Amino acid sequence: MPELVENTLADTIKARVADRLHWLKLTPITAATKNGLPRDSIRNLFRRDSALPRADTLAEIADALETTVSYLMGETANPGVEKWSEEAKLDEVVRLARPVPVRSALQDGAREPHSEPIGYLDLNVPGYDTSELNAFQVADDAMSDFYETGRFVVTAPVGQIGLQFGDHIVAMRMAGEKVETILREYAQGPSGPELVSRSDGGERPPIRISDLKKGEMMFGGVVVADFKLHDRQILPPAYVWPDDEGG
């Protein structure tokens, strides 16, 4: 029972932190660094199996998000600040509700690149601006310790949230006119940073960053969410926003 209570409180804190990030139009790293906190202090709240923050850390996060510890813990519905105007709220809802483009499948082997999204996912990832996100579908077992085949992962730009060891990243390796799009873990290897697979069904050789030629590989983003297709709606590539209809 104590574990259940802790998990529920952790979920409440995540949801309230995400709400404040949305209202303030801040990413987790921006909110932390502009207020003198360690860059990952807020971002780490959204990681898998993250522990409850210490009381002093939670107080610092509350200050950075212009709210109170009581609000973040779900003890009050009042964040302690003036809410945005209704017009500003509507603008934010539209910005956060835009569907995320599905770029390609994640699997070994170079293929013809897609110039346009192959579909869209209708979703919202707490703490992130939907317009900055991309989705990919897992199509091999290179990271089967975490993601089964058919699962979708959603990425945010590396430049927006930073990169640290243990992150799962989408990487694109050029092969002439074709591109290989893969999912790997960014890890510290014996000779420096590497991209490694995590699978008990067949590990791939690590890709040493130092061995790559300039421009040979690009980081497409850091995984910030994942889910199965049936958990969310996927929209067809021809999906058009009402604002864009008629020209």
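This report describes charged side chains and two loop residues in a predicted model.

The count of salt bridges in this model comes to 12. Side chains of opposite charge can pair when their charged atoms come close. The table gives some of these pairs, with the distance between nitrogen and oxygen.

| Salt bridge | N to O distance |
|---|---|
| Arg43 and Asp167 | 3.0 Å |
| Arg151 and Glu148 | 3.3 Å |
| Arg151 and Asp226 | 2.6 Å |

The pair of Arg43 and Asp167 links distant parts of the chain, since Arg43 lies in the loop between α2 and α3 while Asp167 lies in the loop between α6 (158-161) and β5 (168-175), 124 residues apart. Both of these residues, Arg43 and Asp167, are buried.

Arg151 sits in the loop between β3 (134-138) and β4 (152-156), and its relative accessible area is 15%, so Arg151 counts as buried, the limit being under 20%. Its partner Glu148 is partly exposed, with a relative accessibility of 33%. The salt bridge between Arg151 and Asp226 again joins distant parts of the chain, with Asp226 in strand β9 (residues 217-227), 75 residues away from Arg151. Elsewhere, Asp108, Asp140, Asp141, Arg184 and Arg204 are connected through a network of salt bridges.

Turning to the backbone, most residues other than glycine have a negative phi. Lys25, although not a glycine, has a positive phi of about 55 degrees; Lys25 is placed in the loop between α1 (2-24) and α2 (28-33) and is exposed, at 55% relative accessible area. Glu66, likewise not a glycine, has a positive phi of about 55 degrees, and Glu66 belongs to the loop between α3 (55-64) and α4 (69-72), where its relative accessibility of 47% makes it partly exposed.

Methods. Residues are numbered from 1 along each chain as its sequence is written. This is a predicted model: local features need pLDDT of at least 70, side-chain atom pairs count only at pLDDT 80 or more; totals for chains, interfaces and linings use all residues. Side-chain values use heavy atoms; hydrogens and water are left out. Helices (H or I, at least four residues) and strands (E, at least two) are DSSP runs, numbered from the N terminus. Buried means under 20% relative accessible area, exposed over 50%, partly exposed in between (1.4 Å probe, protein chains only). A salt bridge is a side-chain nitrogen of Lys or Arg within 4 Å of a carboxyl oxygen of Asp or Glu.
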